[in-house]
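Below are some brief notes on the model. They start with contacts across the chain and go on to one sheet and one pair of cysteines.

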Amino acid sequence: MKHTLGFVAVAACTMLGSGCAVTHVSPVGFGALPSGYTCCNLRHVNGWISDGNWSDFPIIPAGAPIKVTGYGSNRVYVEIDGKAFRIGHDYGRERESLEQYVAKLIVPEDPRARVAAWPDAVREAVRLGRLTPGMTREQAIIAAGYPASHRTPVLEAPVWTYWHDRLTSYRVTWDGTGRIQHIATQP
């Protein structure tokens, strides 16, 4: 009950914008606060990371140390490389729980070791947060993050939708071998 009341207080302060001091709490059902490494390149602006992972924003690189410091309503408060960030689970919350989303973003093993073994062109694309034809699904996820699950609910789908910003998307088409065949942007 104590966690639930704290969770409600944080949500009320956030919604009302009343300047309440924010206390990060774990809602009922969440276990220990996870830590590890960022699964993939994440995009941010002003301390905010959206599950839209808009490609127009600066990159937090795959493999950065990350730890959860608390949860809010569809929000996760994290520390990445010693800096505070908020992660919003806005678009995909009807497809997956907040806990499932966080489990995708925070991985126990640093992905940089796998990236180091990839060809030069793929490593450079990952560094830049770009997708290129011929990449595997794993390489695409590490380079550009997970596609927002409201438009790409299943990663086995033949087409993924990513976002440049809130209004402009682009589509990634996969070939029969699980490699990027085509990347199409809207006109």
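1. Among contacts in the chain with a separation of 6 or more, 50% link residues 24 or more positions apart. Note that the model is predicted.

2. The chain has 187 residues, of which 43% are buried. Its exposed surface comes to about 10000 Å², with 56% of that supplied by carbon and sulfur atoms.

3. Five helices and eleven strands make up the secondary structure of the chain. The points that follow take up one sheet and the helix on it.

4. Strands β9, β10 and β11 form an open sheet in that order, with antiparallel pairing. At the edges are β9 (159-163) and β11 (180-185), each of which pairs on one side only. From one strand to the next, the twist averages 20 degrees.

5. Five bridges connect β9 with β10 (residues 169-174) in the antiparallel sense. As one example, W160 has V172 in β10 as its bridge partner. Helix α5 (residues 137-144) packs on this sheet and touches β9, β10 and β11. The direction of α5 makes about 10 degrees with that of β9.

6. Which residues does the disulfide join? The two are C39 and C40, with an S to S distance of 2.2 Å. That distance falls within the 2.5 Å cut-off, so the pair counts as a disulfide. The count for the model is one disulfide. Are C39 and C40 buried or exposed? Both C39 and C40 are buried.

Terms used:
Residues numbered from 1 in each chain as written. Predicted model: local features only at pLDDT ≥ 70, side-chain atom pairs only at ≥ 80, totals over all residues. Heavy atoms only, no water. Buried < 20%, exposed > 50% of the residue type's maximum accessible area, 1.4 Å probe, protein only. Helix = DSSP H or I, 4+ residues; strand = E, 2+ residues; numbered from the N terminus. Contact = heavy atoms within 4.5 Å. Areas by Shrake-Rupley, 256 points an atom, 1.4 Å probe, with all protein chains shown as cover. Pairing = 2+ DSSP bridges. Axes fitted to C-alpha atoms, helices over the stretch in contact; angles between N-to-C directions.
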